[in-house]
Amino acid sequence: MATEETNNTQGPPPSQQSSLPDYPQMILEAIEALNEKAGSNKSAISKHIESTHSDLPVSHSTLLSHHLNMMKQSDQIIMLKNNYLKPDPNSPAKRGRGRPPKPKVPLPPGTVLSPPRPRGRPPKPIDPFSPPKPKTTAGTGKPRGRPPKKAKTETVTAPPPLGVKRGRGRPPKVQPSVALQVKERNKNGVQVSKVPTKPFDGQKPGTSGLRKKVKVFIQPHYLQNFVQSTFNALTPEKVRGATLVVSGDGRYFSKDAIQIIIKMAAANGVRHVWVGQNGLLSTPAVSAVIRERVGVDGSKATGAFILTASHNAGCPHEDFGIKYNMENGGPAPEAITDKIFENTKTITEYLIAEDLPNVDISAIGVTGFGSPEGQFDVEVFDSASDYVKLMKSIFDFKLIRKLLSSPKFTFCYDALHGVAGAYANRIFVEELGAQESSLLNCVPKEDFGGGHPDPNLTYAKELVAHMGLGKSNYEVEPPEFGAAADGDADRNMILGKRFFVTPSDSVAIIAANAVDAIPYFSSGLKGVARSMPTSAALDVVARHLKLKFFEVPTGWKFFGNLMDAGLCSICGEESFGTGKSGWDKLVTVEDIVRKHWATYGRHYYTRYDYENVDAGAAKDLMAYLVKSQSSLDEINTIVKGARSDVSKVVNADEFEYKDPVDGSVSKHQGIRVLFEDGSRLVFRLSGTGSEGATIRLYIEQYEKDPSKTGRDSQEALAPLVEVALKLSKMQEFTGRSAPTVIT
């Protein structure tokens with residue numbers, strides 16, 4: 001039995017609900033008012049009722065479907081091609097089933113009717129004088145008719161006795177009986193189906209979960225296999241009776257996936273599922289909800305399924321993704337993702353409560369399911385409240401509000417139609433008093449408005465133009481400050497007026513100014529960390545401020561371990577991701593950046609992305625680079641042959657990381673080429689694509705001379721770029737003469 005509970009903001013009290021007309025009456029009134037010749041569909045009827053009556057119950061959609069069906073069966077309305085009409089009172093009566101009886105010809109008066117003939121063929125007349133016929137049998141002596149079927153017996157082959165040699169060849173397979181879906185009730189009173197399934201190849205979670213094309217995820221059992229494999233990889237106390245968060249960036253297929261996961265959570269014994277309104281929660285907000293939110297019964301979340309493919313495009317032909325975050329708010333560690341992958345290779349069945357009705361995730365409230373034996377409920381909550389509360393405890397909102405109210409300061413924020421839009425209006429407009437016109441593309445859309453939700457100079461074209469960095473001159477004076485976020489809002493791009501801030505610089509500037517600028521860090525920093533491909537700008541700050549420093553593989557789970565152990569306060573990745581032990585972002589402008597360069601020097605930095613490269617070719621390229629590390633002399637010969645003005649190579653290796661917290665070792669994390677003057681080349685295969693392979697090439701050059709820190713980045717790095725392409729034989733292996741994206 002399903003019950004629904006909502007707070008008083010979700011509907012009128014019972015005393016007011018009594019004035020609501022019956023659904024049949026509202027439906028007939030809607031059809032009359034719409035007066036469509038071909039009839040009105042359910043959606044049009046529902047919208048008319050909603051516009052006419054403001055006090056509808058939360059279960060309005062379900063009730064409407066029920067009454068439309070009942071009225072159709074009782075002939076109160078007619079359904080034609082999914083449209084509903086009122087029956088025409090002048091139409092002829094509905095004909096009964098079957099062929100109508102033929103009209104009977106009246107008989108003349110005085111006609112005597114003979115008695116009805118008995119059924120069957122009449123017997124032949126018997127000749128009393130004929131001799132009796134002898135009894136005969138068929139030639140085979142077999143009785144007439146089909147013989148009765150023999151009862152089936154199951155043959156069981158006994159194992160050969162000890163010492164007897166088994167026959168040659170593989171024994172024949174035992175044919176299994178047809179797998180049937182078994183239904184039973186769990187202790188929560190939810191009817192559970194055990195659905196037989198088979199493994200799918202390639203369900204290995206990458207650094208950010210499992211990402212594939214939508215057409216792959218919508219295959220029968222594909223998503224279910226991965227979710228069940230995840231449940232099976234967790235300890236029982238993190239599943240049975242637990243509280244899970246299920247939400248994401250709102251991309252195509254998210255709403256269907258949420259309903260599937262809810263039903264599987266119920267079947268696996270989960271007690272509560274928390275869903276952000278409309279299925280929207282940014283990845284940082286999911287982390288905040290896991291760590292900060294407390295249910296009305298005192299419950300805390302033990303983990304979350306996040307539905308996102310991050311900065312990848314989304315639509316029926318693009319990408320979908322799913323990842324699991326643990327009770328600390330961070331991504332599942334490799335020990336868990338390895339278990340998930342192993343489970344996907346052997347899975348034979350999954351559990352799902354198929355009969356559970358879908359939950360309306362657009363309406364805030366609690367929907368309960370269960371029986372006297374137990375309870376399972378789904379709570380839909382406001383996506384922004386917990387995150388805004390956390391932000392207000394970290395930043396000085398009064399000071400920021402004062403800045404935004406200044407007529408001398410203007411800014412522009414672009415959510416790229418990703419989930420960040422669910423927070424932009426609440427934070428910037430409602431909390432900080434900014435003008436709504438400062439927000440670009442802040443309505444979350446399933447297809448991200450047809451764009452690519454990757455905050456870089458290539459895909460954030462509208463913001464780039466607003467900030468005066470486009471190819472054509474922007475007629476209006478650019479704002480002082482601009483920022484953009486990716487699909488799930490865990491990456492950012494910072495721009496000043498006609499000025500681009502690299503992610504590597506932004507994390508270094510945050511670390512250098514955090515204690516004085518951010519109240520959360522006023523007591524000091526515990527340490528800083530960056531991913532291996534990120535530039536060494538943060539290293540210089542750490543040395544200057546005498547902070548603990550960590551270089552980790554790409555992936556936020558490595559930062560999470562350090563933060564949980566109290567070793568790190570601020571961390572960042574070159575892919576426009578910045579974090580802290582509150583997991584948030586800070587932005588800056590040109591004068592702050594140049595001041596930073598004057599103090600710490602500048603790390604010229606760029607990234608070349610070669611997307612959708614043939615996977616075999618990408619692996620061959622990486623193998624070639626590993627092999628070439630054995631001879632630095634040969635490497636330097638290639639370097640000097642390409643550019644004589646480039647420094648000498650002093651080391652080349654494949655990055656390997658041992659976690660100082662749990663001792664786990666991560667190998668094959670990228671190839672580094674280190675130069676005598678501090679310059680670096682890094683080659684890495686990315687795990688964020690959904691098909692093919694993505695090769696990322698990172699080029700970095702350190703410049704301490706203040707007179708040389710103002711050069712154009714691509715101009716300064718041109719010699720190293722030429723060396724990198726020659727050293728890797730990029731075009732020979734990939735067939736690409738240019739990268740897909742340059743950052």
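**Exercise 1.** In this predicted model, decide whether N82 is buried or exposed, and describe where N82 is placed.

*Solution.* Begin with the relative accessible area of N82, which is 55%. The cut-off for an exposed residue is over 50%, and N82 is therefore exposed. Next, look at the chain around N82, which places this residue in the loop between β2 (78-80) and β3 (83-85). Finally, compare sequence with space: N82 and G39 are 43 residues apart in sequence, while their C-alpha atoms are 8.7 Å apart.

**Exercise 2.** Work out on which side or sides of helix α9 its buried residues lie, and name elements that cover them.

*Solution.* First list the buried residues of α9 (residues 334-344), which are I336, T337, I340, F341 and T344. These residues cover an arc of only 140° around the axis, and therefore they are on the same side of α9. Then ask what lies over them: the covering elements include α6 (222-233) and α16 (556-564).

**Exercise 3.** Find the residues with the most contacts inside the largest nonpolar core, and identify the helix that gives the most to this core.

*Solution.* The largest nonpolar core has 62 residues, and those with the most contacts inside it are V245, Y413, Y423 and I570. Helix α14 (residues 503-517) gives the most to this core, contributing six residues. A second core, separate from that one, has 46 residues, among them V227, F231, A332 and I336.

**Exercise 4.** Determine whether H596 is buried or exposed, and list its contacts beyond the neighbours within four places in sequence.

*Solution.* H596 belongs to helix α17 (residues 590-600). Its relative accessible area is 6%, and since buried means under 20%, H596 is buried. Once the neighbours within four places in sequence are set aside, H596 is in contact with A508, I509, A512, V541 and G601.

**Exercise 5.** Describe the geometry of the aromatic pair formed by F200 and Y222, and explain which parts of the chain this pair ties together.

*Solution.* The structure holds 14 aromatic pairs. In the pair of F200 and Y222, the rings are 5.0 Å apart from centre to centre with 65° between the planes, an edge-to-face arrangement. Because F200 lies in the loop between β5 (191-196) and β6 (210-213) and Y222 in helix α6, the pair ties together parts that are 22 residues apart in sequence. As a last step, place the pair in its surroundings: F200 and Y222 belong to one aromatic cluster with F217, F253 and F320, and Y222 is buried, with a relative accessible area of 2%.

Methods: Residues are numbered from 1 along each chain as its sequence is written. This is a predicted model: local features need pLDDT of at least 70, side-chain atom pairs count only at pLDDT 80 or more; totals for chains, interfaces and linings use all residues. Side-chain values use heavy atoms; hydrogens and water are left out. Helices (H or I, at least four residues) and strands (E, at least two) are DSSP runs, numbered from the N terminus. Buried means under 20% relative accessible area, exposed over 50%, partly exposed in between (1.4 Å probe, protein chains only). A nonpolar core is a set of buried Ala, Val, Leu, Ile, Met, Phe, Trp, Tyr and Cys residues joined through side-chain atoms within 4.5 Å. The arc is that of the directions from the helix axis to the C-beta atoms. Contact means heavy atoms within 4.5 Å. Rings of Phe, Tyr and Trp (its six-membered ring) pair if their centres lie within 6.5 Å; planes under 30 degrees apart count as stacked, over 60 as edge-to-face and the rest as tilted.
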